[in-house]
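Reader: I'm new to this one and would like a close look at a single part. Could you start with the ligand's surroundings and then follow the chain outward from there?

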Amino acid sequence: MTGGGRGIGAATARLLAGGGAAVAVAARTEAEVEAVARGIEAVGGRAISVPLDVTDEGSVAAAFEMTRAAFGPVDILVNNAGTPGVPLPVAQTELSSWRRVFDVNVTGAFLCAREAMPHMISGDWGRIVNVSSAAARHPMAGMAAYGASKAALDQLTRVLALEGEAHNVAVTGVYPGVIDTKMQEESRAFGPDLIGKQLHRMFHGYRDFGMLRPPEEPAELISYLCAPEAARLNGHVIRLEQLEALKE
Ligand SMILES: NC(=O)c1ccc[n+]([C@@H]2O[C@H](COP(=O)([O-])OP(=O)(O)OC[C@H]3O[C@@H](n4cnc5c(N)ncnc54)[C@H](OP(=O)(O)O)[C@@H]3O)[C@@H](O)[C@H]2O)c1
């Protein structure tokens, strides 16, 4: 579980552990992943905390090594680590900011999938869930890097799905909706002078009009996609609102 220290990742780690999975809770902030892992253990689940920077090839390799040593090979991967970056118009976006967003949101998922796929294929079973965003489909001024990176992540999802399908490796994507996490909190903290009045109003509107949903809601969808029945959904990118229909 990348980005498992808080928000959607932490909620998903708890849910997967509650369902019997042994979970490696991974992210950069060690105190957060440690707290989530200890919380899982406190209620009888199996978890370890793993330091991970998904943008660093060596860190990804070390995280998988640590996970394999504790629990054996990874057969479920949730690529949840993500960043929106600073939402600015393209004309004002530094190359380093653009690259950073792609490094976390796309290259991080690629590096983790590359570590996980060989075992999943040889073991003839696997699940990868990539946590994307509706920004991949809906263009918003100021959100080029985030939207384009999530669109790239969706295409990675579809290609991985083709590469895994003969081996019962199902790869899916999720659009979580607008979720009450630190990411939204940080987006609200950008001033209108920096990101423009429209985006500023939008981020505040999510909260002020009661649109923020709890992280447990997308966590339920992600957990569903880690289960055996997700095989039929291989290659699909699914919106949170579709969860109830999927269960029928
Ligand atoms: N909240 C929303 O409304 C919303 C909507 C659509 C999509 N999403 C997507 O949902 C996912 C989770 O976001 P969230 O809302 O739960 O945000 P969050 O609370 O800020 O959590 C983001 C997680 O990603 C981790 N992360 C960031 N950079 C990382 C890196 N380089 N290496 C490893 N871990 C890294 C963070 O931990 P560290 O900083 O400690 O590394 C943190 O655990 C993201 O992919 C986001 O794009 C969220």
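Author: One term first: a residue is buried when its relative accessible area is under 20%, exposed when it is over 50%, and partly exposed in between (1.4 Å probe, protein chains only). By that yardstick D124 is partly exposed, at 43%; we'll come back to it. What you're looking at is a predicted model, where local features need pLDDT of at least 70, side-chain atom pairs count only at pLDDT 80 or more, and totals for chains, interfaces and linings use all residues. Residues are numbered from 1 along each chain as its sequence is written, and side-chain values use heavy atoms, with hydrogens and water left out.

Now to the ligand. It is surrounded by 30 residues, and the closest are R28, T29, Y146, T181 and Q184 (a residue is near a molecule if one of its heavy atoms lies within 4 Å of it). Sorted by type, that shell has 12 nonpolar, 12 polar and 6 charged residues. Here Ala, Val, Leu, Ile, Met, Phe, Trp, Tyr, Cys and Pro count as nonpolar, Asp, Glu, Lys and Arg as charged, and the others, Gly among them, as polar.

Some polar contacts are worth finding on screen (pairs of N or O atoms within 3.5 Å; within protein, one must be able to donate a hydrogen and the other to accept it, and residues adjacent in sequence count only if both atoms are side-chain atoms). The side chain of T181 puts an N or O atom 2.6 Å from an oxygen of the ligand. R6 has a polar side-chain atom 3.3 Å from a ligand oxygen, while G177 joins in through its backbone, with a polar atom 3.5 Å from an oxygen of the ligand. On its own the ligand has 870 Å² of accessible area, and the protein covers 96% of that (areas by the Shrake-Rupley method with a 1.4 Å probe; for residues, only the protein chains shown count as cover). Two or more residues of the shell come from each of α1 (7-18), α4 (95-123), α5 (144-164) and α6. Helices (H or I, at least four residues) and strands (E, at least two) are DSSP runs, numbered from the N terminus. The biggest giver is α6, with 3 residues.

Stay with α6 for a moment. Together with α7 (192-195), α6 (182-189) is among the elements covering the buried residues of α8. Those buried residues are L199, F203, H204, G205 and Y206. How far should α8 reach from end to end? At 1.5 Å a residue, its 12 residues (197-208) should span 16 Å, and the end C-alpha atoms are 15 Å apart, which agrees; the expected span is 1.5 Å times one less than the number of residues. Just past α8, G210 has a positive phi of about 65°.

Next, follow α4 and α5, which also feed the shell. In α4 you'll find L111, which is buried at 6% relative accessible area. Beyond its neighbours up to four places away, L111 touches V54, T55, D56, E57 and V60 (contact: heavy atoms within 4.5 Å). The loop between α4 and β4 holds D124, whose phi is near 60°, positive even though D124 isn't a glycine. Most residues other than glycine have a negative phi. N168, in the loop between α5 and β5 (169-175), also goes positive, at about 60°, and it is partly exposed at 32%.

S132 sits in the loop between β4 (126-131) and α5 and is buried, at 3%. Its side chain makes a 2.8 Å polar contact with the side chain of D154, and one of its polar side-chain atoms lies 3.5 Å from the backbone oxygen of K150.

Last stop: α9 (216-225) and the loop after it. Of the 10 residues of α9, 7 are buried, so the helix is largely enclosed by the rest of the structure. They are P218, A219, L221, I222, S223, Y224 and L225, and their cover includes α1, β3 (76-79), β4, β5, β6 and α10 (243-247). Between α9 and β6 (237-239) comes N234, with a side chain that reaches the backbone oxygen of A161 at 3.0 Å.
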